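Here are some notes to read with the model open beside you. Take the points one at a time and find each residue as you go.

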Amino acid sequence: MTTTETPLVRVLEADGSFAPSAASEPYLPLVDALTDAELEQFYRDMVIIRDIDTQATNLQRQGQLALWPPSRGQEAAQVGSAHAARRQDTLFPSYREHVVARVRGVDPVDIIKLMRGLSHGGWNPTDPKNGNTRIYTLVLGSQTLHAAGYGMGLAFDGKTGSGDPERDEAVVVYYGDGASSQGDVHEAMVFAASYDAPVLFFLQNNHWAISVPVETQSKVPLVGRGTGYGIPSVRVDGNDVLASYAVSRALLDESRAGLGPRAIEAVTYRMGAHTTSDDPTKYRGSDEEQEWARRDPIARMRTFLLGRGASASFFDEVDAEAADAAEDLRARTVALTPPEPEKMFQHVYSDPHPLVDEQREWLERYEASFEGGAL
């Protein structure tokens, strides 16, 4: 199967015009049902996270963070899918899903704490305020196994497939084109398919696994990896927030109804570096970057909203809110202080452990050995 033979679901063209592809027809009722407020919220979320992302990148360059994985260019895929999930669903991110986490309620500063080395995981995934969002996973692909296992548990516990979409639960797991080559992903698909687990595998194909192009990783479109395991899979324009939302909502509802796992390949582009330790100019040219810049998901949605009559004041308001959010992130980041030593011994095991107690006591004795006590 070649790329040209694979149907692509697209609602908005790169220029922002409403021009649904033939493959989008089954999903258009979901797009038509969106209100002006929901459409504007999609745009708002994309703009705000881009400013936050830019600020976080700058903070890393200024020595405030150890690392930052930029998400510039992938906002539409993430915003659409995040809003498609229902409140009871559980989301398993990789390490670039900043706006997914924010949409679900996670404070972006909690992501900063992780990247600054001040936290074991960033946030408590069981706290209701974090919207059933699991912590970031930097080990490529391992979150797909976590998601498959969680989805299997939902099926075993009868928490899916009842026919009530307001009660039934599903899982979304995010990963990239590079991670799709990991054995973990394939194992997760085997188990999810075998046990009809309510899991949506959401692959963001941003074309580069650090410096390795997607063409080197796969001779066929990545959407075929799901179908190889009998998982119904859809290829989506990942820079079209409407397509991402509609397909994600439809497939999640199917999976939640007990029809088994589903998969999406969201075709998008990483406009920045893989992480702040990477230099993309070493392996890709400016012509490619400029071509994808013309498909910018935010510019596309802005044009669409303008065509629907959105006011200039709305865009000014969003820009101001984004600037405020970025400045708030900066202020709270530079105000962060190192955690108390006791924190490193918390949450290592679910129950008290003698080795942890021994290490804690050793540290206390070591620090007490310095003149004046602890450093």
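1. Start with Ser71, which counts as buried because its relative accessible area is 2%; buried means under 20%, exposed over 50%, and partly exposed in between, using a 1.4 Å probe and protein chains only. Ser71 sits in the loop between helix H2 (36-61) and helix H3 (75-84). Helices here are DSSP runs of H or I with at least four residues, strands are runs of E with at least two, and both are numbered from the N terminus. Leaving out residues up to four places away in sequence, Ser71 touches Asp53, Gln78, Arg96 and His98, where a contact means heavy atoms within 4.5 Å.

2. A word on what you're looking at: this is a predicted model, where local features need pLDDT of at least 70 and side-chain atom pairs count only at pLDDT 80 or more, while totals for chains, interfaces and linings use all residues. Residues are numbered from 1 along each chain as its sequence is written, and side-chain values use heavy atoms, with hydrogens and water left out.

3. Now follow the loop into H3, which is mostly covered, with 9 of its 10 residues buried. Gln78, one of the residues that Ser71 touches, is on the buried list for H3. So are Glu75, Ala76, Ala77, Val79, Gly80, Ser81, Ala82 and Ala84.

4. Next, look at the rings. The structure holds 14 aromatic pairs; rings of Phe, Tyr and Trp (its six-membered ring) pair if their centres lie within 6.5 Å, and planes under 30 degrees apart are stacked, over 60 edge-to-face, and the rest tilted. Take Tyr43 and Phe315: their ring centres are 5.3 Å apart and their planes stand at 90°, so this pair is edge-to-face. Because Tyr43 is in helix H2 and Phe315 in helix H13 (residues 312-334), the pair ties together parts that are 272 residues apart in sequence. Tyr43 is buried at 2% relative accessible area, and Phe315 is buried at 2% too. Tyr43, Phe314 and Phe315 form one aromatic cluster.

5. Are the rings of Tyr366 and Phe370 stacked or edge-to-face? Their centres lie 5.1 Å apart with planes at 90°, so they are edge-to-face. Tyr366 is partly exposed at 40% relative accessible area, and Phe370 is partly exposed at 28%.

6. Check a couple of backbone angles as well. Most residues other than glycine have a negative phi. Asp196, though, has a positive phi near 50°; you'll find Asp196 in the loop between helix H7 (183-194) and strand S4 (199-205), partly exposed at 44%. His347 has a positive phi too, near 65°. His347 lies in the loop between H13 and helix H14 (354-368) and counts as exposed, at 73% relative accessibility.

7. Finally, zoom out. The protein chain has 14 helices and 8 strands, and 51% of its 375 residues count as buried. Its radius of gyration is 22 Å, which agrees with the value near 21 Å for a compact globule of 375 residues; that radius is taken over C-alpha atoms, and the globule rule is 2.2 Å times the number of residues to the power 0.38. The C-alpha atoms fill a box of roughly 75 × 50 × 40 Å along the principal axes. Among contacts with a separation of 6 or more, 75% come from residues 24 or more positions apart.
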